[in-house]
Amino acid sequence: MPVRSTRRTFVGVTALTLACSVIAFTQAAYAGKPVGSDKGATTEETGGGDGTGIYATARITYSGSVAANGSKGNVTSADVNWTPPPCWYAPYLGAKDFKKKMSGDIESQMNAPGMGGHTGAALSELKRHYEDEYGWTGTPGYKDYNVDKDGEGMFWAAVENPNEPDLLKRSSCNDLPFWVDNGEAPPPQYEEAVTPEILAALAYQHMQLPDTEVSLAPEQTTKVNLPTWAWLDKAVFDEVQATAAINVPGFNLQATTTARPVSLTLEPGTDDAVTYPASGECVINNDNSIGEPYARGKANRTPPCGIKYLRSSGNGTYNLQATITWDISWTGTGGAGGDLPDGTFGNGQAITVQEIQSVNR
């Protein structure tokens, strides 16, 4: 088997990557198919091509409390440095199907007008890689697209995360499609190969947290210097789960990401206010509620969770922001699991604050 010592020469990966870059697939890059209700949906995300290279067609299926149409959910990571994976490698096609697709695209490009020079040479190297065992250190070539192993594994290829705004990051998985035997792990050099942890991060990205409005007393309209009680009943919200799974012959992975509410943070919408507690963060109670409902006889008490406005809102309103912090964890295939950064999701509520009217006698 021919072997080259480096991946950085023209007759190595540089040429092959160039060849791949001129192969364009015609099907849509991603597709979503929602099934469910406003409390959750199942979506299927599938790869294809967008004119820049080869992308995997193995579906990632999302279920549970997820955004419809495969779109991004409403949870925001509390860690500004954490982001979901911009791309990954996943099962693409079996050997015979891969040969049909790849060889057809190579021949089409090689016969295109003006396809000479470096690009023509790159396509020739790409053809040798998959047909004539042309490889290099750590990356063997293939004999006739591995068709003698059809059904015993799949070629894997890159998938771009359609919700990643940075094009360079999204296209950073630029290795050539590679073979993986059924039941075997991808070669270690492909660090972005899909894993339960990657699926957990994608489930996090698609998770849809409940749009919960905080109960207030007084409700919507309050008075200057009058404490406003705030609370969330334990029946209003509970833990939320989202699952991402990929299932193809010889390769099945899944991960479930769970969000559990842990605190409520109140931001009055003005500096002329005080919060209870002073930090504005109301922690969850032992019964999984937050704060305490107002009731008669509590007028002279300080609310465990609430706000006191010190100035009238005049002819307008204050935008009270109520943000719930969620503890995020995940479990996956093979007993894998761990923690992900806390998530947050907030709602705004318009609050009218009036001056207390007095009567002079």
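# Exercises on a predicted model

**Exercise 1.** Check whether the span of helix α3 is shorter than, longer than or in agreement with the expected span at 1.5 Å a residue.

*Solution.* Helix α3 comprises the 15 residues 117-131, which at 1.5 Å a residue should span 21 Å. The C-alpha atoms at its ends lie 21 Å apart, so the two values agree. The coordinates examined here and below belong to a predicted model. As for its side that faces inward, the buried residues in α3 are G120, A122, L123, E125, L126, H129 and Y130. After the helix comes E133, with a positive phi near 60 degrees.

**Exercise 2.** Characterise the salt bridge that E125 forms, and state whether each partner is buried or partly exposed.

*Solution.* Step one is to identify the partner: E125 pairs with R128, and their closest N and O atoms are 3.3 Å apart. Step two is to place the pair: both residues belong to helix α3 and stand three residues apart, about one turn of the helix. Step three is to consider accessibility. E125 has a relative accessible area of 11%, and because buried means under 20%, E125 is buried. R128 has 30% relative accessibility and therefore counts as partly exposed. This salt bridge is one of 10 in the structure.

**Exercise 3.** Determine which elements of the structure are tied together by the salt bridge between R170 and E160.

*Solution.* The contact itself comes first: the closest N and O atoms of R170 and E160 are 3.4 Å apart. R170 is part of helix α4 (residues 167-170), whereas E160 is part of strand β6 (residues 153-160), so the pair ties together parts that are 10 residues apart in sequence. Both side-chain partners, R170 and E160, are buried.

**Exercise 4.** Describe the salt-bridge network that contains R301, and give the accessibility of R301 and E292.

*Solution.* R301 and E292 meet through their side chains at 3.3 Å, N to O. K298 also belongs here, since a network of salt bridges links E292, K298 and R301. R301 has a relative accessible area of 40% and is partly exposed. E292, at 22% relative accessibility, is likewise counted as partly exposed.

**Exercise 5.** Locate the residues of the negative surface patch that includes D97, and assess the accessibility of D97.

*Solution.* The patch of negative charge on the surface is formed by D97, D148, D150 and E152. Of these, D97 is placed in helix α2 (residues 95-110). Its relative accessibility is 48%, so D97 counts as partly exposed.

**Exercise 6.** Explain why helix α5 is described as largely enclosed by the rest of the structure.

*Solution.* Helix α5 runs over residues 196-206, and 10 of its 11 residues are buried, which is why the helix is largely enclosed by the rest of the structure. Among the buried residues are P196, I198, L199 and Y204, together with Q205 and H206.

**Exercise 7.** For L264 and R260 of strand β12, relate C-alpha separation to separation along the chain.

*Solution.* L264 lies in strand β12 (residues 251-267). At 0% relative accessibility, L264 is buried. Its C-alpha atom is 5.0 Å from that of C282, a residue 18 positions away along the chain. R260 occupies the same strand, β12, and is partly exposed with a relative accessible area of 35%. The C-alpha atoms of R260 and G343 are separated by 9.4 Å, although their positions lie 83 residues apart along the chain when counted as a sequence distance.

**Exercise 8.** Identify the cis peptide bonds and the positive phi values at A217, Y276, Y145 and N146.

*Solution.* The background is that most peptide bonds are trans and most residues other than glycine have a negative phi. The bond from A217 to P218 is cis, with omega near 0 degrees; P218 sits in the loop between β8 (215-217) and β9 (221-223). The bond from Y276 to P277 is also cis, with omega near -5 degrees, and P277 sits in the loop between β13 (273-276) and β14 (281-283).

Turning to phi, Y145 has a positive value near 60 degrees, and N146 also has a positive value near 60 degrees. The loop between α3 and β6 contains Y145 and N146. Y145 is buried at 0% relative accessibility, and N146 is buried at 11%.

Key
Residues are numbered from 1 along each chain as its sequence is written. This is a predicted model: local features need pLDDT of at least 70, side-chain atom pairs count only at pLDDT 80 or more; totals for chains, interfaces and linings use all residues. Side-chain values use heavy atoms; hydrogens and water are left out. Patches are made of residues with over 30% relative accessible area and no salt bridge: like charges are joined within 9 Å, nonpolar side chains (Val, Leu, Ile, Met, Phe, Trp, Tyr) within 5 Å. Accessible areas come from the Shrake-Rupley method with a 1.4 Å probe; for residues, only the protein chains shown count as cover. A salt bridge is a side-chain nitrogen of Lys or Arg within 4 Å of a carboxyl oxygen of Asp or Glu. Lys and Arg count as positive and Asp and Glu as negative; His and the chain ends are not counted. The place of a charge is taken as NZ of Lys, CZ of Arg, CG of Asp or CD of Glu. Helices (H or I, at least four residues) and strands (E, at least two) are DSSP runs, numbered from the N terminus. Buried means under 20% relative accessible area, exposed over 50%, partly exposed in between (1.4 Å probe, protein chains only). The expected span of a helix is 1.5 Å times one less than its number of residues.
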